[in-house]
Amino acid sequence: MKLINFPLFLLLIIAAACSTLKLQQADFAWPVESVLFVNDDGMVTEDRYSISFDARGLFFEEFQDSSVFKGKKIRIIRDVNGFYFITAEKFKNVYVFKMDNGAMILDNKINVSETGITNPVLNQRPPYIELIDDSKSIYLTITGSDRN
């Protein structure tokens, strides 16, 4: 009887040693958007949240022009699940990124305007990210939008 229990006991110890610690009920949201200026090298930096990245690819994706980033600023906010929502003036889209091994990977591109947004503001409205453009408000999730 002891021989039968020993393999089971050993299996339980091995399974416990291989399990991953998971701290649940984590909230990754930023309370307010950050407005970040793009420097001459295409980089944006937010010291408060310790994030920096090269934004040139974002502007190229939006405008198909590699030089339009100069002198621009982007608006970025992070939702409760850790996804980054990024847009800028004259963008037709809001870009949703996730982090992956030191890179920001595009998860979704949400079309929000046919002509380009003129005065974008991003707000937390859990479970949504709210995009306000002048008086128009759009509620966003990682999968799309709910226009109001």
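The following exchange concerns salt bridges, a strand pair and the nonpolar core of a predicted model.

Modeller: In this predicted model, local features need pLDDT of at least 70 and side-chain atom pairs count only at pLDDT 80 or more, while totals for chains, interfaces and linings use all residues. Residues are numbered from 1 along each chain as its sequence is written, and side-chain values use heavy atoms, with hydrogens and water left out.

Colleague: Why is the contact of Glu61 with Lys109 called a salt bridge?

Modeller: A salt bridge requires a side-chain nitrogen of Lys or Arg within 4 Å of a carboxyl oxygen of Asp or Glu. The closest N and O atoms of Glu61 and Lys109 are 3.0 Å apart, so the pair satisfies that rule. Glu61 lies in helix H2 and Lys109 in strand E7 (residues 103–111), so the pair ties together parts that are 48 residues apart in sequence. Helices (H or I, at least four residues) and strands (E, at least two) are DSSP runs, numbered from the N terminus.

Colleague: What makes Glu61 partly exposed?

Modeller: Buried means under 20% relative accessible area, exposed over 50%, and partly exposed in between (1.4 Å probe, protein chains only). Glu61 has a relative accessible area of 35% and is therefore partly exposed. Lys109, at 37%, also counts as partly exposed.

Colleague: Why do E2 and E3 count as paired?

Modeller: Two strands pair if DSSP finds at least two bridges between them. Four bridges join E2 to E3, which run antiparallel, so the condition is met. Glu46 stands opposite Ile51 in E3.
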